[in-house]
Number of protein chains: 2
Amino acid sequence: MATSTDGTRQVTIAQVATLAGVSVPTVSKVLNGRTDVAPATRARVEALLAEHGYRRRRARVSQAPGLLDLVFHELDSAWAQEVIKGVEDTASLHRVGVVLSELGGAHRPPQELIDDILARKPLGVILVLSSLDATQRHQLESRSIPFVVVDTAGEPPAGVPTVGSNNWNGGLSAVRHLLALGHRRIGVVSGPHDVLCSRARVDGYRSALEEAGVPWDPDLVRWGDFAVNGGYRHARDLLALPERPTAIFAGSDLQSLGVMRAAREAGLRIPEDLSVVGYDDLPISQWLGPSLTTVRQPLREMASTATQMLMDLAGGATLPNPRIDLATELVVRESTAPPADPPA
Amino acid sequence: MATSTDGTRQVTIAQVATLAGVSVPTVSKVLNGRTDVAPATRARVEALLAEHGYRRRRARVSQAPGLLDLVFHELDSAWAQEVIKGVEDTASLHRVGVVLSELGGAHRPPQELIDDILARKPLGVILVLSSLDATQRHQLESRSIPFVVVDTAGEPPAGVPTVGSNNWNGGLSAVRHLLALGHRRIGVVSGPHDVLCSRARVDGYRSALEEAGVPWDPDLVRWGDFAVNGGYRHARDLLALPERPTAIFAGSDLQSLGVMRAAREAGLRIPEDLSVVGYDDLPISQWLGPSLTTVRQPLREMASTATQMLMDLAGGATLPNPRIDLATELVVRESTAPPADPPA
């Protein structure tokens, strides 16, 4: 086997073909995401490529402008819009086209999408709230297509570059603010329990309660999704509790819209009867009535950072910090106030 | 010159090269969007391609999955999100990747973007609230790259396929609704005056007033952009008029958010003191407090239709209806009511 520049021995396509008992063009087809190869052959070739750590040398594409693939788990939110905007801005600086895909809510791309990506040979892939299984990861790695994960859903495997924001801190600052106003019964409507950022925020919430000596009531913690309707449903339940919360910390600005509706339907004024804190600081949150106190998540910057990391990786650089969490910041507006009837 | 299947005589690359006094590879470079050709040569070749109506035969791309280019004048709105979703849904049915670009608010793509498009040879291009100049149009046509315009900004040239919605009808139904409730002083905050859809809606507004015998007061008509801040600024002006409107018809749901804020700041309750009608029916509009009466614009369907038209064109079909306007529909919610003090 040939020795590559970094001193590791590099398997060649011809060697993989011999080991797999297939022709060189067949290995080449597999590398290019072609589907006209028998599944068993394909699996065998992929396994050998992964086993021997095959890395295709990146050809400088001279004619076609570069592309990057931006893969969303879901496009249905203003949140996604901010991420798109951040990626688009940075990609266009590099004159790189952005190919957008969504997984319909799934957190792992179907093989068909991976095949398409292998075939169009992008400079790299940005995955938002989604990740690759080990096989898919090997597939990209063996073609030297780098990838970066924005807001990882689960724990990312070692070596996968990620950009997120400090969710634990976000939860902490939101709940500290409510505690400082005098709230003691604070509900939380978070995202899915299996998504890391939701858990980090709820942990921040618990820490804030602990440091204030307020006991933690599991009844006040609800897991759901980040959509409006989830906020509405959970807030309705929370507000129907015998001892209802005087404040709700929502997992997203969209959830907050749902919380606010539930409050209106229950005849509660915001912030006089119920304080609401959102998460994200989407552009609309300052325009709501009342305007929303929320945790600013720097979505565009996160997306820009991920794009720049990808460009660096595509250019052959090594990332000094492959895992970056940007700071979150509490933005206080009109939707929070001291509780009407603070405990003595 | 060769005769093509439709009976027209088709100029060849070699003939264009001879006429331009350049080599065949030079013409080929120009066709492929390469920038390593002297600008004067490039312009001469482009002019000859346009003059002789050159059409590149589309090669069936067998290996790489197809792409389409989706070009936005601006990405900063939930409106854009709906269009993206509609394009993405339909494109993924055809297993076509969507390359997203935005023009930073411009209504015409820079040449750089056109070059990138020529180089990546997409199945087609969807332009949203933007259009091509004659040269750019010839450039796409000579490479047989079809394009479709969604919500044309200006008057589209003959032969350009467009998908829009019935904006005039939307304006008419919104204002008829307000008139039926008893409003007579009805303000309108529309989009830019030079964008066709804004003008059509304001004309619908005027028609509704005319059929109700309500005189038209130019003071009550404001042109701006579709953003929240525009709605806020114009509504503040309208509400400061000596005889303020009792209802405002906004050009977008986002503008409505600005109108609602201006009303709150003026101490006016919605709908008791001021009725508000939006435009678009974005997903958030049902969640606002009060929920928004608005004109539903079928953005996703418009985008899906445009995508399907593009696929048909890319497949060589002729469109039976190259200009499609989908129906708009008034959705009545909580933000409209009879005026507090109806005229006798």
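Colleague: Two strands count as paired when DSSP finds at least two bridges between them. How many bridges join E4(A) to strand E4 of chain B?

Modeller: 3 bridges join E4(A) to E4(B), residues 97-102 of chain B, and the two strands run antiparallel. Strands (E, at least two residues) and helices (H or I, at least four) are DSSP runs, numbered from the N terminus. This is a predicted model: local features need pLDDT of at least 70, side-chain atom pairs count only at pLDDT 80 or more, and totals for chains, interfaces and linings use all residues. Residues are numbered from 1 along each chain as its sequence is written, chains are lettered from A and ligands numbered from 1 in the order in which they are written, and side-chain values use heavy atoms, with hydrogens and water left out.

Colleague: Which residue is the bridge partner of Val99(A) in E4(B)?

Modeller: Val99(B).

Colleague: And the rest of that interface? How many residues of chain A are in contact with chain B?

Modeller: 43 residues of chain A are in contact with 42 residues of chain B. Contact means heavy atoms within 4.5 Å. About 3,700 Å² is buried between the chains, and carbon and sulfur atoms give 54% of it. Buried area is the accessible area (1.4 Å probe) that two parts lose on being put together, summed over both.

Colleague: Which residues in chain A lose the most area to chain B?

Modeller: Gln81(A), Arg95(A) and Trp287(A). Together they make up 21% of what the chain A side buries.

Colleague: How many salt bridges are there across A and B?

Modeller: The rule finds 8. A salt bridge is a side-chain nitrogen of Lys or Arg within 4 Å of a carboxyl oxygen of Asp or Glu. Arg95(A) takes part in one, with Asp116(B), at 2.9 Å from N to O. The interface also has 16 residue pairs in polar contact, both at pLDDT 80 or more. A polar contact is a pair of N or O atoms within 3.5 Å; within protein, one must be able to donate a hydrogen and the other to accept it, and residues adjacent in sequence count only if both atoms are side-chain atoms.

Colleague: Which elements of chain A each supply at least two residues to that side?

Modeller: H4 (78-93), E4 (97-102), H5 (111-120), H9 (228-239) and H10 (253-265). By class, the side of chain A that touches chain B has 17 nonpolar, 11 polar and 15 charged residues. Ala, Val, Leu, Ile, Met, Phe, Trp, Tyr, Cys and Pro count as nonpolar, Asp, Glu, Lys and Arg as charged, and the others, Gly among them, as polar.

Colleague: Switching to chain A alone. What domains is chain A divided into?

Modeller: Domain 1 is 2-51, domain 2 is 67-165 + 299-326, and domain 3 is 167-297. The bounds come from an automatic or database domain assignment.

Colleague: How far apart are the C-alpha centres of domains 1 and 2 of chain A?

Modeller: 25 Å. The contact takes 9 residues from each of these two domains of chain A. They bury about 700 Å² between them, 46% of it on carbon and sulfur atoms. In domain 1, Leu31(A), Asn32(A) and Glu46(A) lose the most area to domain 2, together 53% of what that side buries.

Colleague: How many salt bridges cross that one?

Modeller: 2 across domains 1 and 2 of chain A. Glu46(A) forms a salt bridge with Arg143(A), with the closest N and O atoms 3.0 Å apart. There are also 6 residue pairs in polar contact between the two domains, both at pLDDT 80 or more. On the domain 1 side, H2 (24-31) and H3 (39-51) of chain A give two or more residues. H3(A) gives the largest share, 4 residues.

Colleague: Which residue does Arg42(A) meet in a salt bridge?

Modeller: Asp115(A), at 2.3 Å from N to O. The pair links distant parts of the chain: Arg42(A) is in H3 and Asp115(A) in H5 of chain A, 73 residues apart. Over all chains, the structure holds 38 salt bridges.

Colleague: New topic: loops. Where is Asp281(A)?

Modeller: In the loop between E11 (275-280) and E12 (293-296) of chain A. A polar contact of 3.0 Å joins its side chain to that of Ser285(A). Pro290(A) lies in the loop between E11 and E12 of chain A too.

Colleague: Is the peptide bond from Gly289(A) to Pro290(A) cis or trans?

Modeller: Cis, with omega near -5 degrees. In chain B, the bond from Ile270(B) to Pro271(B) is cis, with omega near 5 degrees.
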